[in-house]
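Here is a guided walk through one structure, from its pocket to its helix contacts. Have the 3D view open and follow along as we go.

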Amino acid sequence: MKLARKYDEGYKKLFSNKQNVAWFLTAIVPEEKLRNVLPDDIEIIATESINKRWQKRNSDMVYRINYKSSFFCLTVEFQSRRDEKMLHRLYEYMHLNQLKNVKEGKIPVVIPIVLYNGTKHWDFCDEFSKIIEHAEDFPEYAQKFKVIFVDIRSIPEDKLLGASNVLAIALYIDQVSDDPNQIIERLLTLKDRVKLNDEQKEELADWLYEVLLKPYGVTEEEAEELFVKSGLGVEEMFSSTAEKVKLGIEREKRKVAKEVAKEVAKEVKIKIARKMLRKGVEENLVAEVTGLSLKKVKELKGEK
């Protein structure tokens, strides 16, 4: 049972924290040239400022990273499902970014990153030239750039458990997003291991609500009351969230069982209606006996 989760919104908040971004670039992203990026080197660019075409894609994060006497740009695209047009979109974003950041007649390097949390394996093509037909015959003219692809399920667990930031916690939990029972296990594992300051606790509360609690029908008011009641203690936050997820699982099971029972009952009614129609029972009477609509009964009668 996997519910629709607010992946983009939840991660956008975490990637608006420069400490989290610096950790991600230096500890998770497999690019040596990013190993020395510090929080003070990072400037967050509002995607809305790039142009109107990008305003609707408010899940993307764009950064300027100080480099030597200037800067380069970096984009992070949050992706929860495979997208065959991903490279096309990234190419457009990179160009828009370069146009926005022209300096003394020169455009900046743009490093594109895709952070993927989908449950299905994605054999991602990370080189743009590979999707250009005959690029090998016209290498001087074919556009070339590489994409850094990070599948959260490939990140070693110990690297995430050894970090002391909310982004690492979120990635650790989200690695098992398709299994609510494993989510509960990881929440309970974290409660005795994590130490966070007050600002991080607030950040964690936001993420837990957006990604874990909201999909299970917990309102913002309920979540706020839940975390305030726990005094924003880390152990209590994880324990309370795990309990809410448990309740959500049971609620979803009951909902599914009810829907199945309803579907079975409908099929039984249809079988009875077909049998009555074959025996020549009048349509109105069939509808009255089975509880099906007259329109549905007429459809059944018209079947071959």
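Before looking at any surface, it helps to fix three classes: Ala, Val, Leu, Ile, Met, Phe, Trp, Tyr, Cys and Pro count as nonpolar, Asp, Glu, Lys and Arg as charged, and the others, Gly among them, as polar. Please also keep in mind that this is a predicted model.

Let's start with empty space. Rolling a probe the size of a water molecule over the atoms shows where such space is left. Here the largest pocket holds about 540 Å³. Its lining is made up of 23 residues, and those nearest the centre are Phe72, Pro108, Val109, Val110 and Ile111. Two elements give two or more residues to this lining, namely strand E3 (70-79) and strand E4 (110-116). With the classes in hand, the lining of the largest pocket sorts into 14 nonpolar, three polar and six charged residues.

Now turn to the helices, beginning with H6, which spans residues 166-174. One of its partners is H2 (residues 18-28), and the two axes come within 8 Å while crossing at roughly 60 degrees. H2 and H6 are therefore oblique to each other. On the H2 side, the contact uses Asn20, Trp23 and Phe24, while H6 brings Val166, Leu167, Ala168 and Leu171. Sorted by class, this contact of H2 with H6 has six nonpolar residues, one polar residue and no charged ones.

H6 also packs against H8 (residues 198-213), this time at an angle of about 25 degrees and with the axes 10 Å apart. Because angles under 35 degrees count as roughly parallel, H6 and H8 are described as roughly parallel to each other. Their crossing is right-handed. From H6 come Val166, Ile169, Ala170, Ile173 and Asp174, and they meet Gln200, Glu203, Leu204, Trp207, Leu208, Val211 and Leu212 of H8. This contact of H6 with H8 contains nine nonpolar, one polar and two charged residues. Val166 is worth finding in your viewer, since this residue of H6 takes part in the contact with H2 and also in the one with H8.

Finally, look at H11 (residues 283-290) and H12 (residues 294-301), whose axes come within 9 Å and cross at roughly 120 degrees. That angle makes H11 oblique to H12. The crossing here is right-handed. Glu283, Asn284, Val286 and Ala287 of H11 touch Leu294, Val297, Lys298 and Lys301 of H12. By class, the contact of H11 with H12 has four nonpolar, one polar and three charged residues.

Methods:
Residues numbered from 1 in each chain as written. Predicted model: local features only at pLDDT ≥ 70, side-chain atom pairs only at ≥ 80, totals over all residues. Heavy atoms only, no water. Axes fitted to C-alpha atoms, helices over the stretch in contact; angles between N-to-C directions. Helix = DSSP H or I, 4+ residues; strand = E, 2+ residues; numbered from the N terminus. Parallel < 35°, antiparallel > 145°, perpendicular 65-115°, else oblique. Left-handed = near helix turned anticlockwise from the far one by under 90°. Contact = heavy atoms within 4.5 Å. 1 Å grid on protein atoms, 1.4 Å probe; cavity = no way out; pocket = protein on both sides within 12 Å on 5 of 7 lines; lining within 4 Å. Points joined across faces, edges and corners; volume = space filled by probe spheres on them.
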